Amino acid sequence: MEEVEQLAAESAVVIFSVSTCCMCHAVKRLFWGMGVSAAVVELDEDPRWEEIDRALARLLGGTPVPVMFIGGKLVGTMDRVMAAHIDGTLVSLLKEAGAFWL
């Protein structure tokens with residue numbers, strides 16, 4: 001759990017992803033298209049993946065990727081991020097976290 005919290009605190013936006021996951025690709029493109037430089041942890045390429053996966057499972061009750069943190073706080077999976085994007089709250093979360101390039 002400490003590993004996930006530490007990684008989540010290192011950048012304004014952190015995405016836990018799997019490199020071959022289409023939903024992970026879509027959310028990375030969403031953030032990049034908004035001008036957000038997200039730190040991406042590709043679980044399938046990380047030697048700590050089992051430990052990180054267990055910690056994410058404890059946080060979420062399962063490990064559907066992608067999992068996003070903004071400003072060190074768990075936002076959730078793709079459905080929560082897309083809901084925040086649609087209702088307009090995602091931009092304010094990103095601004096508060098200092099996530100925009102400009």
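Cys22 makes a convenient starting point: with a relative accessibility of 58%, this residue counts as exposed. The model described here is a predicted one, and a search of the whole structure finds 0 disulfides. For Cys22, the closest cysteine sulfur belongs to Cys21 and lies 5.5 Å away, which is too far for a bond. Cys24 is likewise in no disulfide, although the sulfur of Cys21, its nearest cysteine sulfur, is 3.1 Å away. A disulfide would require the two sulfur atoms to be within 2.5 Å. Cys24 is buried, its relative accessible area being 0%, whereas Cys22 is exposed.

Attention turns next to the charged side chains, where the count comes to 3 salt bridges. Arg48 takes part in a salt bridge with Glu3, and the closest N and O atoms of this pair are 2.5 Å apart. The contact ties together distant parts of the chain, since Arg48 sits in the loop between strand S2 (39-42) and helix H3 (49-60) while Glu3 belongs to helix H1, and the two are 45 residues apart. Arg48 also meets Asp46 in a salt bridge, with an N to O distance of 2.6 Å. Glu3, Asp46 and Arg48 are thereby linked in a network of salt bridges. Within this network, Arg48 is partly exposed at 32% relative accessibility, but Asp46 counts as buried at 11%.

Another salt bridge joins Lys28 to Glu42, whose closest N and O atoms are 2.7 Å apart. This pair, too, links distant parts of the chain: Lys28 is in helix H2 (residues 22-33) and Glu42 is in strand S2, 14 residues apart. Both Lys28 and Glu42 are buried.

Further along the chain, a pair of strands comes into view. Strand S3 (residues 67-70) and strand S4 (residues 73-77) run antiparallel and are joined by 4 bridges. Val67, for example, has Thr77 of S4 as its bridge partner. The two strands form a hairpin with 2 residues between them, and in the turn Gly71 has a positive phi of about 60 degrees.

Finally, the surface carries a nonpolar patch formed by Met1, Leu59 and Leu74, which together have about 210 Å² of accessible area. Met1 lies in the segment before helix H1 (2-9) and, with a relative accessibility of 31%, counts as partly exposed.

Definitions and conventions:
Residues numbered from 1 in each chain as written. Predicted model: local features only at pLDDT ≥ 70, side-chain atom pairs only at ≥ 80, totals over all residues. Heavy atoms only, no water. Patch = residues over 30% accessible without salt bridge, like charges linked within 9 Å, V, L, I, M, F, W, Y side chains within 5 Å. Areas by Shrake-Rupley, 256 points an atom, 1.4 Å probe, with all protein chains shown as cover. Salt bridge = Lys/Arg side-chain N within 4 Å of Asp/Glu carboxyl O. Buried < 20%, exposed > 50% of the residue type's maximum accessible area, 1.4 Å probe, protein only. Pairing = 2+ DSSP bridges.
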